[in-house]
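This report describes one helix, a residue within it and a pocket to which the helix contributes. The structure is shown first.

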Amino acid sequence: DAQLHAVFEQSGGTGKSFDYSKSVRTTNQSVPEEQVTAYLSKIQRGGHIQPFGCMIAADDQSFRVIAYSENAKDMLGLTPQAVPTLEKQEILFVGADVRILFRPSSAVLLEKAFGAREITLLNPIWIHSKNSGKPFYAILHRIDVGIVIDLEPARTEDPALSIAGAVQSQKLAVRAISQLQSLPGGDIKLLCDTVVDSVRELTGYDRVMVYKFHEDEHGEVVAENKRVDLEPYIGLHYPSTDIPQASRFLFKQNRVRMIVDCHAIPVRVIQDEGLMQPLCLVGSTLRAPHGCHAQYMENMGSIASLAMAVIIHGN
């Protein structure tokens with residue numbers, strides 16, 4: 001995986017001179033340790049997020065901002081153009097108190113979350129920008145140097161935010177879960193077929209698949225529900241390098257992975273120069289896809305994807 005990553009990077013990140021067929025050929029070439037380290041760092045600490053949201057990281061004791069995405073000021077309405085009274089005074093910067101960026105009631109919710117033992121159980125938190133008043137879903141998780149706050153804009157007209165919308169969403173989820181629980185035990189094929197049907201009905205994606213990893217680490221599409229005009233993938237087998245080992249590790253850490261638009265330009269993360277290494281984004285809902293994977297999606301004719309990992313006995 002590390003070797004293929006290096007070759008892709010050497011191609012200029014476009015993949016035009018990248019021969020993926022090499023990934024299925026057996027090779028005895030050893031990979032230098034520094035190359036493996038660079039590969040893992042790129043995957044886990046890539047320093048970029050997807051632009052459909054913004055991110056702020058803060059120290060979990062002092063609430064001091066230690067990192068933020070370049071689009072955070074604009075998305076939170078903290079630019080001088082958005083708030084003329086700000087003039088040229090910066091509100092969001094490394095060292096600022098993250099609580100002052102949000103309304104007092106939202107700051108209280110953040111304080112409660114920062115003090116929680118199991119912070120992820122509180123997700124998502126409904127908060128509002130102090131200056132613009134815009135609502136956001138805040139998804140928090142702990143990392144080695146503090147707490148990462150992923151912020152996804154919420155539309156006030158979103159039906160899910162109304163009581164009726166919440167009830168309807170719950171009904172759909174309960175119905176899908178009940179259907180799965182009513183299936184006879186031992187029939188894995190029936191279970192997988194039902195899962196893809198239910199997930200496609202709930203999400204509206206063009207194609208939903210169950211992708212099984214075999215003992216030799218190659219993958220197979222064992223169930224599928226798709227739009228009628230799309231080419232079927234059911235029964236196809238893929239080499240073990242189709243989903244690299246590093247990506248499989250990430251699935252175990254963050255079991256739901258969403259890529260909104262593979263064509264979107266990633267947003268850089270600005271961080272405290274005193275940090276020893278780039279911020280860990282393994283658990284971030286906004287982590288940008290690796291350039292090689294984005295190119296892979298484009299080649300496959302995909303724009304967006306949602307992956308949900310099913311872990312069995314730790315694998």
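## Leu190 and its surroundings

In this predicted model, Leu190 is part of helix 6, which comprises residues 188-203. The residue has a relative accessible area of 30%; because this value lies between the 20% limit for buried and the 50% limit for exposed residues, Leu190 is classed as partly exposed.

Apart from neighbours within four places in sequence, Leu190 is in contact with Leu183 and Pro184. Ala223 is 33 residues away from Leu190 along the chain, and the C-alpha atoms of these two residues are separated by 9.1 Å.

## Helix 6

Helix 6 has 16 residues, and at 1.5 Å a residue its expected span is 22 Å. The C-alpha atoms at its ends are 22 Å apart, in agreement with that expectation.

The buried residues of helix 6 include Cys192, Thr194, Val196, Ser198 and Val199. After the helix comes Gly204, which has a positive phi near 80°.

## The second largest pocket

The second largest pocket holds about 720 Å³ of space. Its lining consists of 19 residues, and those nearest the centre of the pocket are Glu152, Thr203, Val256, Met258 and Leu306. Two or more lining residues come from each of strand 5 (135-143), helix 5 (163-181), helix 6 and strand 10 (256-259).

Twelve residues of this lining are nonpolar, five are polar and two are charged. Domain 1 (52-151) and domain 2 (187-306) each supply at least three residues to the lining of the second largest pocket.

Definitions and conventions: Residues numbered from 1 in each chain as written. Predicted model: local features only at pLDDT ≥ 70, side-chain atom pairs only at ≥ 80, totals over all residues. Heavy atoms only, no water. Helix = DSSP H or I, 4+ residues; strand = E, 2+ residues; numbered from the N terminus. Buried < 20%, exposed > 50% of the residue type's maximum accessible area, 1.4 Å probe, protein only. Contact = heavy atoms within 4.5 Å. 1 Å grid on protein atoms, 1.4 Å probe; cavity = no way out; pocket = protein on both sides within 12 Å on 5 of 7 lines; lining within 4 Å. Points joined across faces, edges and corners; volume = space filled by probe spheres on them. Nonpolar A, V, L, I, M, F, W, Y, C, P; charged D, E, K, R; others polar. Domains from an automatic or database assignment. Expected span 1.5 Å × (residues − 1).
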